[in-house]
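This report describes the fold, the salt bridges, the largest pocket and the nonpolar core of one protein chain. The sequence and the structure come first.

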Amino acid sequence: MDQFIIKALLIVAFVVFGTLLLRSGGSARTRAIRTLTMLVFLAAAIVTVLFPAIINDLARSVGVGRGADLLLYGFLVAFIGHMLSNARKQSAQDRQITELARSIALQTPLRSQNHESQEG
């Protein structure tokens, strides 16, 4: 039962990241949420460095044995969120490149056909 809290928190974090990062659109609200999340992680990192005992106490209160393990879980959440964000951006970029290539292909006549018509 003592690990239930951390497991629930991690699952909720993964679901929230997945929902936010895999949604379509990059609205101002989504960018603001990402920025706030990054600031929270930065503030947590600074507090952890300044007061390492706090992270140990927090870890024990959510059912994790050591603060280092809790930090690992936090970094895992951040890393997966970053991977999801990059995958989403890459997918959008791939779609743009495909559309651009199709547009260029439709607007540019094939060179082999031009050479054949000029030679004949």
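Helices here are DSSP runs of H or I with at least four residues, numbered from the N terminus. By that definition, Arg102 and Glu99 both belong to helix H4, which covers residues 67-107. The two are three residues apart, about one turn of the helix. The model is a predicted one.

**Overall fold**

The protein chain contains five helices and zero strands. Read from the N terminus, its elements follow the order α-α-α-α-α. The chain has 120 residues, and 15% of them count as buried. Taking contacts between residues at least 6 apart in sequence, 63% join residues at least 24 apart.

**Salt bridges**

Side chains of opposite charge can pair when their charged atoms come close. How many salt bridges does a search of the whole structure find? The search finds three, and the table gives the closest N and O atoms of each pair.

| Pair | Closest N and O atoms |
|---|---|
| Arg60 and Asp57 | 2.9 Å |
| Asp69 and Arg66 | 3.0 Å |
| Arg102 and Glu99 | 3.2 Å |

Arg60 and Asp57 both sit in helix H3 (residues 52-61), and their spacing is three residues, about one turn of the helix. Exposed means over 50% relative accessible area, and partly exposed lies between 20% and that value. Arg60, at 51%, therefore counts as exposed, while Asp57, at 45%, is partly exposed. In the H4 pair, Glu99 is partly exposed because its relative accessibility is 47%. Asp69, the partner of Arg66, is also partly exposed, with a relative accessible area of 24%.

**The largest pocket**

The largest pocket holds about 780 Å³ of space. Its lining consists of 27 residues, and those nearest the centre are Val40, Phe41, Ala44, Leu70 and Gly74. Which elements each supply at least two residues of this lining? They are helix H1 (4-22), helix H2 (28-50), H3 and H4. Sorted by class, the lining of the largest pocket has 24 nonpolar residues, three polar residues and no charged residues.

Phe41, one of the residues nearest the pocket centre, can be placed relative to Phe75. The C-alpha atoms of Phe75 and Phe41 are separated by 9.2 Å, and the two residues are 34 apart along the chain. Phe75 is part of helix H4. Is Phe75 buried or exposed? Phe75 is exposed, because its relative accessible area is 58%, and the cut-off for exposed is over 50%.

**The nonpolar core**

In soluble globular proteins, nonpolar side chains tend to be buried together. In this model, the largest nonpolar core has eight residues: Ile6, Leu10, Ile55, Ala59, Val62, Val64, Leu70 and Val77. H1, H3 and H4 are the elements that give two or more residues to this core. Leu70 belongs to the core and is also among the residues nearest the centre of the largest pocket.

What does Val64 touch, not counting residues up to four places away in sequence? Val64 touches Ile6, Ala59, Asp69, Leu70 and Tyr73. Of these, Ile6, Ala59 and Leu70 are members of the core that includes Val64. Asp69, another contact of Val64, is the residue that forms a salt bridge with Arg66.

Conventions
Residues are numbered from 1 along each chain as its sequence is written. This is a predicted model: local features need pLDDT of at least 70, side-chain atom pairs count only at pLDDT 80 or more; totals for chains, interfaces and linings use all residues. Side-chain values use heavy atoms; hydrogens and water are left out. A salt bridge is a side-chain nitrogen of Lys or Arg within 4 Å of a carboxyl oxygen of Asp or Glu. Buried means under 20% relative accessible area, exposed over 50%, partly exposed in between (1.4 Å probe, protein chains only). On a 1 Å grid over the protein atoms alone, a cavity is a set of points where a 1.4 Å probe fits but cannot get out, and a pocket is an open set with protein on both sides within 12 Å along at least five of seven lines; lining residues have an atom within 4 Å of a point. Grid points are joined across faces, edges and corners, and a volume is the space filled by probe spheres set on the points. Ala, Val, Leu, Ile, Met, Phe, Trp, Tyr, Cys and Pro count as nonpolar, Asp, Glu, Lys and Arg as charged, and the others, Gly among them, as polar. A nonpolar core is a set of buried Ala, Val, Leu, Ile, Met, Phe, Trp, Tyr and Cys residues joined through side-chain atoms within 4.5 Å. Contact means heavy atoms within 4.5 Å.
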